[in-house]
Amino acid sequence: MKLNNHASGHHFLQIPGPSPVPDRILRAISLPTIDHRGPEFGVLGLAVLAGLQRIFQTRHPVVIYPASGTGAWEAALTNTLSPGDAVLMFETGHFASLWHKIAMRLGLQAEFVGHGGTDAAGLPNSWRRGVQAELIEQRLRADSGHAIKAVCVVHNETSTGVTSDIAAVRRAIDAAAHPALLMVDTISGLASADYRHDEWGVDVGVGGSQKGLMLPPGISFNALSPKALEASKHAKLPRAYWSWDEIVETNKTGYFPYTPNTNLLYGLNESIEMLEEEGLPKVFARHQRWAEGVRAAVRAWGLEIQCAEPAVYSPILTGVVTPTGVDADRVRRLIQERFDLSLGMGLGKVRGRMFRIGHLGDSNDLTLLAALAGCEMGLKLSGVALAASGVQAAMDFYAAHPQRASLQAVA
Ligand SMILES: Cc1ncc(COP(=O)(O)O)c(C=O)c1O
């Protein structure tokens, strides 16, 4: 089946995941598939499992699933909880809402808290701000009987471009002296924004392949803590394929209890090598710098950034709010048709109000400037009056902040 006609040049994949995949990773993935029970496989398995521990910044096991992030969400809940358990989840956007929906479907009592209300632009407050750790602390203090078994938050809310302070959530749980597990979705945060599994006391970290790891979609992760592993021994939600025990046991020799996604594991091995060649602190600083340039463009256009709290701007993507009366999705479609540039659409409650520019994966200053040029042309063609050139503002920012100098200045 022919999927599309030849178009000259690279397609600009500027959605916030799947992100552009580097050629090195594509080449690694194209190696011949090997016997997943043969001697070579164990070496690969042990290498990627150890590498993932370094990426998650943990000494504890990381489980790999041949599934998209949604599977790893479900696995986090079913491995640790029992039917009817209460969990506390924070509404930060569409992905927090989807995780909440999964918890409800699994028969958990999933309380969904948030900032509440809408702002002057008519956008939900919760979809423009990070997790309020004080609210979590307050809710846990009120739960003197410890009915709440887990607190679930999203590290980088991909639908809005807002991050959350996970260390503050940990402090809130500790301040309330509450034994709830802390589960964190870092599907779009991992390997682009700093994520410290052990230091932040996260019990289950949920990751995905198609964002900061720069892999195609198809594998996802649960990073565990000893407390999560202990909880899994008593958790009664039904699970078989997702069950950590057999996987963790088999992983000790680098193998899996099912047929693993061998070629994506080649890609993962290459991805870890690339991230470590650069060094994680530099990777994080690079994303911060890219994000700052993109935000300079949005400000120059005179448009609003979806994230209303500068302290929690996402280094991975920027949400751009279109003026009232301008359908953001029409702008996005026009840009895709005219300039072969894919942007993220507004999801759920912000559909039609904003579009998302991804600044992650195999990119550099010039690919981002080209993406911004596509946005600028598309906004103008859509009749949006722009205050000034965002491309010029981003060029000025990138020129004034070389990558190396920016490691101190922007990080
Ligand atoms: C923060 C976040 N959580 C969960 C998901 C769901 O993951 P998947 O679409 O891979 O199932 C995504 C996907 O974009 C995401 O960005």
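What follows is a short back-and-forth on reading a few features of this predicted model.

Me: Before we start, what are the ground rules for numbering and confidence here?

Reply: Residues are numbered from 1 along each chain as its sequence is written, and side-chain values use heavy atoms, with hydrogens and water left out. The model is predicted, so to speak of local features pLDDT must be at least 70, side-chain atom pairs count only at pLDDT 80 or more, and totals for chains, interfaces and linings use all residues.

Me: Let's take the ligand. Which residues are around it?

Reply: A residue is taken as near a molecule if one of its heavy atoms lies within 4 Å of it. Here the residues around the ligand are S68, G69, T70, W73, F95, N156, T158, D185, I187, S188, Q210 and K211.

Me: How do these residues divide by class?

Reply: The classes work like this: Ala, Val, Leu, Ile, Met, Phe, Trp, Tyr, Cys and Pro are nonpolar, Asp, Glu, Lys and Arg are charged, and the others, Gly among them, are polar. The shell around the ligand has 3 nonpolar, 7 polar and 2 charged residues.

Me: Which helix gives the largest share of that shell?

Reply: Helices are DSSP runs (H or I, at least four residues), strands likewise (E, at least two), and both are numbered from the N terminus. Helix α3 (residues 69–78) supplies the largest share, 3 residues.

Me: What about polar contacts to the ligand, and how much of its surface does the protein bury?

Reply: A polar contact is a pair of N or O atoms within 3.5 Å; within protein, one must be able to donate a hydrogen and the other to accept it, and residues adjacent in sequence count only if both atoms are side-chain atoms. T70 has a side-chain N or O atom 2.5 Å from a ligand oxygen, and for T158 the distance to an oxygen atom of the ligand is 2.5 Å. Q210 places a polar side-chain atom 2.8 Å from a ligand oxygen. As for area (Shrake-Rupley method, 1.4 Å probe; for residues, only the protein chains shown count as cover), the ligand taken alone exposes 390 Å², and the protein buries 87% of that.

Me: Now the empty space. How many cavities are there, and what lines the largest?

Reply: Picture a 1 Å grid over the protein atoms alone: a cavity is a set of points where a 1.4 Å probe fits but cannot get out, and lining residues have an atom within 4 Å of a point. Points are joined across faces, edges and corners, and the volume is the space filled by probe spheres set on them. The count is 1 cavity of 30 Å³ or more, and the volume of the largest is about 30 Å³. M89, F90, A96, W99, F112, C152, V153 and V154 line it. That makes 8 nonpolar residues, with no polar and no charged ones. β3 (86–90), α4 (94–105) and β5 (148–154) each supply at least two lining residues, and β5 gives the most, 3.

Me: T58 caught my eye. Is T58 buried or exposed, and what does its side chain reach?

Reply: Buried means under 20% relative accessible area, exposed over 50%, and partly exposed in between (1.4 Å probe, protein chains only). T58 sits in the loop between α2 (39–56) and β2 (62–65), and it counts as buried because its relative accessibility is 8%. Its side chain reaches the backbone nitrogen of H60 at 3.0 Å and makes a polar contact with the side chain of D198 at 2.7 Å.

Me: And S232, where does it lie, and what does its side chain reach?

Reply: S232 is in helix α7 (residues 226–234). With a relative accessible area of 14%, S232 is buried. The S232 side chain reaches the backbone oxygen of L229 at 2.6 Å.

Me: Last one: which backbone angles should I look at?

Reply: Most residues other than glycine have a negative phi, and most peptide bonds are trans. The bond from G17 to P18 is cis, with omega near -5°, and P18 lies in the loop between β1 (12–14) and α1 (23–29). A177 is not a glycine, yet has a positive phi of about 50°; A177 is in the loop between α6 (166–175) and β8 (181–185), exposed at 58% relative accessible area. M214, also not a glycine, has a positive phi of about 65°. M214 is found in the loop between β9 and β10 and is buried, at 7%.

How values were computed:
On a 1 Å grid over the protein atoms alone, a cavity is a set of points where a 1.4 Å probe fits but cannot get out, and a pocket is an open set with protein on both sides within 12 Å along at least five of seven lines; lining residues have an atom within 4 Å of a point.
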